[in-house]
Structure formats: C-alpha cells, structure tokens
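Thanks for making the time this morning. I would like to walk you through one structure, moving from the whole protein to a few individual residues.

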Amino acid sequence: MNEEMMLRENNQNINLDLGSRLDVKTSTTWGAPIMWEGMFNPDMCDQIHKKEGSSVALTVFAVGGYLDVYLETFLSSSEHHFMLGLPVTYYVFTDMPDKVPAIKLAPQRTMKVIQVQRHSRWQDISMTRMKTIAEVIDEQIRHHSTHVFCFDVDQFFTGRFGSEALGDSVALLHAHFYRLPVNRFTYDRNPKSKAYMETGDFYYHAAIFGGSWKSVKALAEACYLGILEDKKNNVEAMWHDESHLNKYLWLHKPSKVLSPEYCWDTSIPDSRDIRVTRLQWAPKHYDKLRSS
Ligand code: 2GW
Ligand code: MN
C-alpha cells in the first residue's frame, strides 16, 4: 500500500467504532478492522466514497450449469443491496453469453458479458478465474473503476453490502471457520504445493475478495502463478484457488476483513454473532453440477 492510500484508508477507518461490538473481534493483530454490523455509519461511509469518486467493478463467473441455477438470483439481489449509490460495473464471465438473463439495472450501473472457455475439470473452472480476473483488471477495470470485488455465483444478497466494505485489500472470514482455532483451518499441508502453509491468521473464504484494482490484480496474478507452478509439479492444492488465496493473504495482510455477516451459511446453527445477513450461501447442487 502506498502512503496516499494508507492515509485515505486511515481516514475512512476513523469512522469505525471498534468498541461498539464487544462480543466479537473487531480488529486484527496488524490493525485491520474486521467489519461487523454496528461498527460503522453507513451514510457516512457512502458520503466519503462518493466524495472520493469511488467506483466498483464486480466480477462473477457463471459457467455451464451454474448460469441457469444461480446467476439471475445473484444479479437481481445485487441490484437491491450491492454498493447502492456508487457506480457499479458487472463483469459476467460465461461460456454462454446469450443465456445471461436480461436484468434491469439501476442508473449508473452497467454490465459487461465476457465469453470464457468451459474447462472440463471443475477445479480448473474455479482456478483459471484468477488468470481471467488479472487480465480483465489490466485491460478494462483499471480504466473505469477504483475498486474490484470478485464473487462466487452460488450466493445471493439479502442485506446491505455497501461502501463500508471497500478498502485497499479486503478478505472475508469463512463462516465455517471463524470460531475455530488455527489448527483446524484447512490450509494446504503439502510441502510440494506453493499454497503450503503451517499456520496463518484466519481461514479466508475465496467466495469474496476485493480491494483497489491494483491490489486485486497483484493477488490474482500471484495466485495464478502459484496454481501454474503446482500444475508443472503435478500437485493441486487441497482447496484449489482458495488455498493459494489463503497463502497470499498470510504473506500480504489484508487492510480490511469482512465478518461472516458478509457471506453467511444459514445452515450453521450457531448464529449468535450475526446481526445482519448481508449475503447468503445458495443451496449446493453438487450431485447435478459436479460430475467430474
Ligand atoms: C465448480 C465446482 C464443481 C462443478 C462446477 C463448478 C463451477 C464453478 C461451474 O461449473 N461453473 C462455474 O461458473 N463455477 C464458478 O466457480 C462459480 O462462480 C462458482 O461460484 C465458483 C466456485 O465454485 P463453487 O461455488 O461450486 O465452489 P465452492 O462454493 O465450494 O467454493 C469455494 O472453493 C472453491 C475452490 O474449490 C473456490 O475457491 C471458491 O471461491 C470457494 O468459495
Ligand atoms: Mn461457491
């Protein structure tokens, strides 16, 4: 992070009240805020970002069966909750551009549909996202948007997911792991993989990551290089791109962390910390959609 960015980020963090949630951890050991409902004033966050001219690109992949099952719900819910009041550009990556549902977008919101190849192995669909994201940031996003958020498609918005989530480098706590001790995290444990790590800070969920276009480009490039190197060495990290993401974020600490309110699985029985569900996991259909 450069100096100007750090100043800007600190400025925005002045608005956060780390003491307003005594029931959860609101800051990392390196001083990044962990965003929980109650810690921020939404209107103030929006004002700051409007004044600074923030704009947001959202990337989402809907390849093969995932298009029919998840894309429409994802996009239409996003129109109700994602970064309202800021300019938003959706980048939808699919192998079937003609089947992308026509959603009516609010003013200042546009969509670009980009055709990608359909890989036969599902692990490759998920892993090559990193390469595609780095490329589209370089070719398009950096000219139009200050920030980027990358999303899985198998989820939908149910509450505000707004400018409070913007930062230089933003990562999400995995709903199933945030209460567990570090020795339970499913980091990659194979020393032959570039994603190998013995310990870390948190278990981050690859379903959402974001930040300034520069940081996200660096993250996506590094993860993709790790994935390529693993392929050369004939290994695959335990959780694919998510393992590489966790390794990168351990070496390059995020400047903001999102609580699991930002991506909650409602099948988790203990929801005592969750005051607002902003995004929910959609039901998995692995039997139908994961055939290899
Ligand atoms: C993925 C797995 C099995 C069969 C199909 C696919 C698949 C994924 C697909 O056919 N078409 C497609 O567009 N995708 C995209 O990849 C889609 O955006 C989807 O949300 C994303 C990740 O796949 P998903 O959501 O089935 O995997 P999860 O929910 O178990 O995701 C976590 O782990 C993944 C790595 O295994 C990724 O790191 C992901 O970001 C994590 O949330
Ligand atoms: Mn998913």
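**From the surface inwards**

Let me begin with the outside of the protein, which exposes about 13500 Å², with carbon and sulfur atoms supplying 51% of that area. Please keep in mind throughout that this is a predicted model, and that every value I quote has been computed from it.

As for overall form, the C-alpha trace spans about 45 × 45 × 40 Å along its principal axes. The radius of gyration is 18 Å, and because a compact globule with 292 residues would have one near 19 Å, the protein agrees with that expectation. Buried residues make up 52% of the 292 residues, and the secondary structure consists of 7 helices and 10 strands. If we take the contacts between residues at least 6 apart in sequence, 75% of them join residues at least 24 apart.

Now to the annotated positions. Which residues does UniProt place under the feature "binding site"? The record, which is an unreviewed entry, lists His 174, Thr 186, Glu 242 and Asp 265, and I should add that such annotations may be inferred rather than shown by experiment. I will take two of these residues in turn.

Glu 242 sits in helix α6, which covers residues 241-251. Its relative accessibility is 11%, and since the cut-off for buried is under 20%, Glu 242 counts as buried. Once neighbours within four places in sequence are set aside, Glu 242 is in contact with His 174, Tyr 203, Tyr 204, His 205 and Ala 206. You will recognise His 174 from the UniProt list, so two of the annotated residues, Glu 242 and His 174, are in contact in this model.

Asp 265, by contrast in its setting, is found in a loop, the one between β9 (256-258) and β10 (279-281). Is Asp 265 buried or exposed? It counts as buried, at 9% relative accessibility. Leaving out residues up to four places away in sequence, Asp 265 touches Ala 175, His 176 and Trp 281.

Let me turn to two charged side chains and their partners. Lys 284 lies in the loop between β10 and α7 (286-289), and with a relative accessible area of 36% this lysine is partly exposed. Beyond its neighbours up to four places away in sequence, Lys 284 touches Tyr 70 and Asp 154, and the side chains of Lys 284 and Asp 154 are joined by a polar contact of 2.6 Å. Lys 284 and Gln 155 are 129 residues apart in sequence, yet their C-alpha atoms are 9.6 Å apart in space.

Arg 121 is placed in the loop between β4 (109-115) and α4 (122-144), and at 33% relative accessibility it counts as partly exposed. The side chain of Arg 121 makes a polar contact of 3.1 Å with the side chain of Glu 236.

Finally, the cysteines. How many disulfides does the model contain? The count comes to 0. Taking Cys 223 as an example, its sulfur is 10 Å from the closest cysteine sulfur, in Cys 150, and is therefore too far away for a bond. Cys 223 is buried, with a relative accessible area of 1%, and Cys 45 is buried as well, with 7%.

Terms used:
Residues numbered from 1 in each chain as written. Chains lettered and ligands numbered in written order. Predicted model: local features only at pLDDT ≥ 70, side-chain atom pairs only at ≥ 80, totals over all residues. Heavy atoms only, no water. Helix = DSSP H or I, 4+ residues; strand = E, 2+ residues; numbered from the N terminus. Buried < 20%, exposed > 50% of the residue type's maximum accessible area, 1.4 Å probe, protein only. Contact = heavy atoms within 4.5 Å. Polar contact = N/O pair within 3.5 Å; in protein donor to acceptor, adjacent residues only side chain to side chain. Rg over C-alpha atoms; globule rule 2.2 N^0.38 Å. Areas by Shrake-Rupley, 256 points an atom, 1.4 Å probe, with all protein chains shown as cover. Disulfide = S-S within 2.5 Å.
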